[in-house]
Each structure stands twice: as structure tokens, then as C-alpha cells.
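Reader: Could you take me on a close look at a single part of this model, and show me how that part sits among its neighbours? I would enjoy one connected walk through it.

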Amino acid sequence: MCTVEKRGRVHLITLTGAGEHRLSPSLISALRTAVATVRASPGAGALVLAAEGKYFSNGFDQAWARTVPPHLHDSMRGAFRALVADLLALPMPTVAAVTGHAAAAGCALALAHDSVVMRASRGFLYMSEVDVGLKFADYFGELLRQKVPNAAARRDMVLGGKKMTAAEAVRLGIVDAAADGGVEDVVAAGVAAAEVLATRGWDGEIVAEIRKAMWPAVWGKVKDHGAEAAAARPRL
């Protein structure tokens, strides 16, 4: 489902395969394991998340959701909340290399990183919930308030279902850079951006604490669900 490789001081997590990278419980679990692996790796200086194929991620796995009892839907949403918490608490800079379409929870996954590099020629950021008739979680709203600074653009994305291209996202300050070329070019651009951050040699725990303080409303809604919170709980 995903791989972890090291490129210099950068650890690259890649969602593998040519599918939509729908965020099922199993994929979210694999991603959390990969993030934990990076966190535990000596000398890790920065993280990049990328994907193969046409999609970065097309959101939650609605096909899976239709086959299970409704109470299990909460387990998928809760696991994703925990993944966001893991990313916000990660003691290193993080970069999303958005190699293709990033929709709904896939868009939120991209925006949960410190920096975003997006493919210029293909793909869009798209909060599809209004179009498909689904509510989204409270922390999605907080994340969008923090990461989409332009109020009109945020309204258009959330209440208008606007599909945001890389050029528009860069202009509005949502995405840091648009990279020309194919998937590997976007990944290379993301890794290069992360390598610059890794060479700064910052204290990773300080990076994580500053990130939490910078996005306090988001962190407040996810902090009790991540690996950091689980490790702090007393064992019975």
C-alpha cells in the first residue's frame, strides 16, 4: 500500500499503485505505520508524502463504507484523525508532493503537511463533500481555515465544490510551488524542498511544538487521537 525510502536526510513515503489511493482503514493504518517508522529512524531530517499514478488520494474509501455497518464508519474517520495528529506531532518538517488529484480527505491529507508542492499539469485540490452530500469533520474545517487563508477561496472550495488547480493554489498561498513534468518530477521537487529544510538541522521536537502552537485549533481537535497521546497514556 505504501513504501518508505530514504533519500539523503529525507524520508519519502509513497502510496503505491495506479489506483485512487482511497483512504480505507487498512491504508490509513499503513500510513500511520510508515510515519511511525520515519519518526523512529535515526537521522531523519524531513518527511515527504507522495503517490504513484493519477491520484494523490481521492478521499475516504466510500466503497468500503457501503459494505460495513455504519458504526464502523467512525473507525475510519477516527483513524484518519489520528493520522493527522501523527503528522502534526512529527519532529521534523513535512512536505506533501501532490502528484495528482487530492479530493476530500485526500485534500485534507495534503494540507496537513507544512509545505505542499503540486503537479502543475495535472490534478486539483477538491473538497467534494458538498457535491456528494457528505458532512465533514470539525477538524477539516479548522485545517481549511488555517491552510486556505483567502476567505473567498475557502468558501468556493468548501461550499462551492471548486476544483483548485496548482496555478490557482500557488496564487492564493495554499500551495508553495507548482512543479512541471510528471510524477517523478513532482516527487523530486518535493524531496529537494524537504532536503533544504533538513539541512537546517533544527531540533525536531521544537519544530513539532511550534507547529502545534501555530495551528492550535487543529491540534486541539486531534491531539488526543495520535500515537503521541497513546504513548502517554498509563498502561493498566
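Author: Strands β1 and β2 run antiparallel and are joined by six bridges. In this predicted model, one of those pairings sets Thr3 against its bridge partner in β2, Thr14. The two strands form a hairpin, with two residues between them. Have a look at Gly8 in that turn, where phi is positive, at about 65 degrees.

Now move across to the other neighbour of β2. With β3, strand β2 pairs in the parallel sense, again over six bridges. Here Leu12 stands opposite Val48 of β3. The connection between these two strands is worth tracing too: β2, helix α1 (residues 25–40) and β3 together make a right-handed β-α-β unit.

How enclosed is β2? Six of the six residues of β2 are buried, so the strand is largely enclosed by the rest of the structure. It helps to recall that in a regular strand the side chains alternate between the two faces of the sheet. In β2 both faces are covered: Val10, Leu12 and Thr14 are buried on one side, and His11, Ile13 and Leu15 are buried on the other.

Let us pause at one residue of this strand. His11 lies in β2 and counts as buried because its relative accessibility is 5%, where the cut-off for buried is under 20%. Leaving aside residues up to four places away in sequence, His11 touches Val4, Glu5, Lys6, Val38, Ser41, Ala44, Ala46, Leu47 and Val48. You have already met Val48, as the residue opposite Leu12.

Stepping back, we can place the strand in its sheet. This is an open sheet of six strands in the order β1-β2-β3-β5-β7-β10, and its pairing is mixed. Its edge strands are β1 (2–7) and β10 (177–179), each of which pairs on one side only. From one strand to the next, the twist averages 20 degrees. At the β10 end, β7 (residues 115–119) and β10 run parallel and are joined by three bridges; there, Arg119 has Ala179 of β10 as its bridge partner.

A helix also spans this sheet. Helix α9 (residues 183–198) lies across β1, β2 (10–15), β3 (46–51), β5 (94–98), β7 and β10, and runs at about 170 degrees to β3.

The model has another sheet to set beside this one. It is an open sheet of four strands in the order β4-β6-β8-β9, also with mixed pairing. Its edges are β4 (55–57) and β9 (163–164), each pairing on one side only. Within it, β6 (residues 101–103) and β8 (residues 125–126) run parallel, joined by two bridges, and Ala102 has Leu125 in β8 as its bridge partner.

One last stop, at a helix. Helix α6 (residues 138–147) is mostly covered, with seven of its 10 residues buried. Those buried residues are Tyr139, Phe140, Gly141, Glu142, Leu143, Leu144 and Lys147. Among the elements that cover them are α3 (73–88), α4 (105–111), α5 (129–132), α7 (151–160) and α11 (216–222).

Note on methods:
Residues are numbered from 1 along each chain as its sequence is written. This is a predicted model: local features need pLDDT of at least 70, side-chain atom pairs count only at pLDDT 80 or more; totals for chains, interfaces and linings use all residues. Side-chain values use heavy atoms; hydrogens and water are left out. Buried means under 20% relative accessible area, exposed over 50%, partly exposed in between (1.4 Å probe, protein chains only). Contact means heavy atoms within 4.5 Å. Two strands pair if DSSP finds at least two bridges between them. Axes are lines fitted to C-alpha atoms, for helices over the stretch in contact, and angles run from 0 to 180 degrees between N-to-C directions. A crossover is right-handed if, with the strands pointing away from the viewer, the path from the first strand over the helix to the second runs clockwise.
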